[in-house]
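Dear colleague,

I am handing over the structure below, and after it you will find what turned up when I went through it. Please read the notes with the model open beside them.

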Amino acid sequence: WRSLEGSPEFVVLFVPAESFLSAALTADRDLLDFASGKHVVLATPTTLIALLRTVAHGWRQEALADRAEEIHQLGRELHERLTTLTAHVDNVGRSLNAAVGHYNAAVGSLESRVLVSARRFADLGVTDDELPATRPVVVLARRAAPDAHVEPPSVAL
């Protein structure tokens, strides 16, 4: 067991029949204590099967623990990335709202300061063409709430 990294701290000595181990223990009652002191497990067919199942169960549990650690790390990484993305989305929304505000201010200025004067050209007979009307934007970007749950759109099949 010392030769293999990560192995249990014992070796298994397989005895091919229960009767062989029974005869050995009859001849030397200290055999189990001696083997245990040397990190040797005496295994008959029955005990070897139980030992192998126990080892397999331990390996499965270790694999699950490793996966749980990976899932934990992945969850932390995903949470950090979602935090960053949420901040970016919030910045885009604020920028869109600011752009809408600036656009509406420009439209207001155009209507109240520039087009009023330009429409007087029609009154003076300079042109017969109508100036198109400008329209303000009235929709603002929706703010992303960190605790809001948005249902995915339903898809008709």
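**Salt bridges, a nonpolar patch and one loop residue**

Arg119 and Glu111 are joined through their side chains by a salt bridge, with an N to O distance of 3.6 Å. Arg119 is partly exposed, its relative accessible area being 32%, and Glu111 is likewise partly exposed, at 24%. Please keep in mind throughout that this is a predicted model.

In total the structure holds 3 salt bridges, and the remaining pairs can be described in turn. Arg81 is paired with Glu77, and the closest N and O atoms of that salt bridge lie 2.8 Å apart. Because Arg81 and Glu77 are 4 residues apart in helix α3, about one helical turn separates them. As for their surroundings, Arg81 is exposed, with a relative accessible area of 55%, whereas Glu77 is partly exposed, with a value of 36%.

Asp90 forms a salt bridge with Arg94, where the closest N and O atoms are 3.1 Å apart. Both Asp90 and Arg94 belong to helix α3, and their spacing of 4 residues corresponds to about one turn of the helix. Is Asp90 buried or exposed? Asp90 has a relative accessibility of 18% and therefore counts as buried, since the term is applied under 20%. Arg94, by contrast, counts as partly exposed, at 47% relative accessibility.

Turning to the nonpolar surface, you may want to look at the patch of about 360 Å² that is made by Leu78, Leu82, Leu85 and Val89. One of these residues, Leu82, is found in helix α3, which covers residues 45-123. Leu82 has a relative accessible area of 44% and is therefore partly exposed; that value is compatible with membership of the patch, because patches are made of residues with over 30% relative accessible area and no salt bridge.

The last point concerns the backbone. Which residue other than glycine has a positive phi value? His39 does, with phi near 65°, and the place of His39 is in the loop between α2 (31-37) and β2 (40-43). The relative accessible area of His39 is 33%, so this residue is partly exposed.

With kind regards

Definitions and conventions:
Residues are numbered from 1 along each chain as its sequence is written. This is a predicted model: local features need pLDDT of at least 70, side-chain atom pairs count only at pLDDT 80 or more; totals for chains, interfaces and linings use all residues. Side-chain values use heavy atoms; hydrogens and water are left out. Patches are made of residues with over 30% relative accessible area and no salt bridge: like charges are joined within 9 Å, nonpolar side chains (Val, Leu, Ile, Met, Phe, Trp, Tyr) within 5 Å. Accessible areas come from the Shrake-Rupley method with a 1.4 Å probe; for residues, only the protein chains shown count as cover. A salt bridge is a side-chain nitrogen of Lys or Arg within 4 Å of a carboxyl oxygen of Asp or Glu. Helices (H or I, at least four residues) and strands (E, at least two) are DSSP runs, numbered from the N terminus. Buried means under 20% relative accessible area, exposed over 50%, partly exposed in between (1.4 Å probe, protein chains only).
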